[in-house]
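Colleague: I would like to go through this model with you one point at a time, with the reasoning laid out for each answer.

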Amino acid sequence: MSDSANTQATAFDLVGGEAAVRALVDRFYDLMDLESAYRELRAVHGPALDHARDKLFWFLCGWLGGPQHYVERFGHPRLRARHLPFAIGLRERDQWLACMAQAMREQGIDETLAARLHEAFFNTADWMVNQPRAVQRLG
């Protein structure tokens with residue numbers, strides 16, 4: 001039996017590799033710009049999204065089990081620390097998750113894989129919330 005037969009595919013492989021991750025990230029940010037349902041999430045990102053697109057692409061490649069582009073450029077992701085300067089509440093968390101779920105659907109990510117990823121995304125996104133849960137912005 002060959003080594004490749006013993007190797008399980010990573011989520012990176014199952015998504016479709018770098019081109020598919022790039023397409024997913026691009027759709028995610030396009031939706032954030034287009035859909036009013038994601039307006040609070042979009043506001044957190046500032047006027048231009050190019051830098052954020054690249055950083056999420058680099059991060060997701062490694063997080064999904066592919067090339068470690070983000071770590072090679074910036075070192076350990078330190079996600080919580082890197083997100084502390086931004087006001088992230090439950091609304092922003094939920095909009096991020098909804099936007100990514102929509103992007104995964106639109107990019108044709110397998111439903112079973114998308115469900116697994118959504119669960120992992122929820123755990124990470126919930127960890128990024130840095131505003132007191134009792135003090136959320138209204139309307």
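**Helices, core and pocket**

Modeller: A starting point is R105, which lies in helix α8, and I should say early that the model is predicted.

Colleague: Does R105 count as buried or exposed?

Modeller: The cut-off for that class is a relative accessible area over 50%. The relative accessibility of R105 is 59%, so this residue counts as exposed.

Colleague: How far apart are the C-alpha atoms of R105 and L24?

Modeller: Along the chain, R105 and L24 are 81 residues apart. In space, the separation of their C-alpha atoms is 9.6 Å.

Colleague: What span should helix α8 have, and what is the distance between its end C-alpha atoms?

Modeller: Helix α8 covers residues 90-106, which makes 17 residues. The expected span is 1.5 Å times one less than the number of residues, so α8 should span 24 Å, and this agrees with the distance between its end C-alpha atoms, which is 24 Å.

Colleague: Which helices do the buried residues of α8 pack against?

Modeller: The buried residues of α8 include W96, L97, C99, M100 and M104, and E92 and R93 are also among them. The helices that these buried residues pack against are α3 (17-34), α4 (39-44), α5 (50-63) and α9 (111-128).

Colleague: Which residues touch the most other members of the largest nonpolar core?

Modeller: In soluble globular proteins, nonpolar side chains tend to be buried together. The largest nonpolar core here has 38 residues, and those that touch the most other members are V21, F28, L60 and M100. The elements that give two or more residues to this core are α2 (11-15), α3, α5, α8 and α9. Leaving aside residues up to four places away in sequence, L60 touches V25 and F121 as well as two residues of that group, V21 and M100.

Colleague: Which residues does L113 touch, not counting residues up to four places away in sequence?

Modeller: L113 lies in helix α9, and at 4% relative accessibility this residue counts as buried, because the cut-off is under 20%. The C-alpha atoms of L113 and L14 are separated by 7.9 Å, although the two residues are 99 residues apart along the chain. With residues up to four places away in sequence left out, L113 touches A11, L14 and V15.

Colleague: Which element gives the most residues to the lining of the largest pocket?

Modeller: The largest pocket holds about 810 Å³ of space, and the elements that give two or more residues to its lining are α4, α5, α7 (79-83), α8 and α9. The element that gives the most, with 7 residues, is α5.

Colleague: Which lining residues lie nearest the centre of the largest pocket?

Modeller: By class, the lining has 18 nonpolar, 4 polar and 4 charged residues. Of the 26 residues that line the largest pocket, those nearest its centre are Y29, H45, L56, H83 and W96.

Colleague: What is the phi of R78, and where is R78 found?

Modeller: Most residues other than glycine have a negative phi. R78 is found in the loop between α6 (69-74) and α7, and with a relative accessible area of 47% this residue is partly exposed. The phi of R78 is a positive value in a residue other than glycine, near 45 degrees.

Conventions. Residues are numbered from 1 along each chain as its sequence is written. This is a predicted model: local features need pLDDT of at least 70, side-chain atom pairs count only at pLDDT 80 or more; totals for chains, interfaces and linings use all residues. Side-chain values use heavy atoms; hydrogens and water are left out. Helices (H or I, at least four residues) and strands (E, at least two) are DSSP runs, numbered from the N terminus. Buried means under 20% relative accessible area, exposed over 50%, partly exposed in between (1.4 Å probe, protein chains only). Contact means heavy atoms within 4.5 Å. A nonpolar core is a set of buried Ala, Val, Leu, Ile, Met, Phe, Trp, Tyr and Cys residues joined through side-chain atoms within 4.5 Å. On a 1 Å grid over the protein atoms alone, a cavity is a set of points where a 1.4 Å probe fits but cannot get out, and a pocket is an open set with protein on both sides within 12 Å along at least five of seven lines; lining residues have an atom within 4 Å of a point. Grid points are joined across faces, edges and corners, and a volume is the space filled by probe spheres set on the points. Ala, Val, Leu, Ile, Met, Phe, Trp, Tyr, Cys and Pro count as nonpolar, Asp, Glu, Lys and Arg as charged, and the others, Gly among them, as polar.
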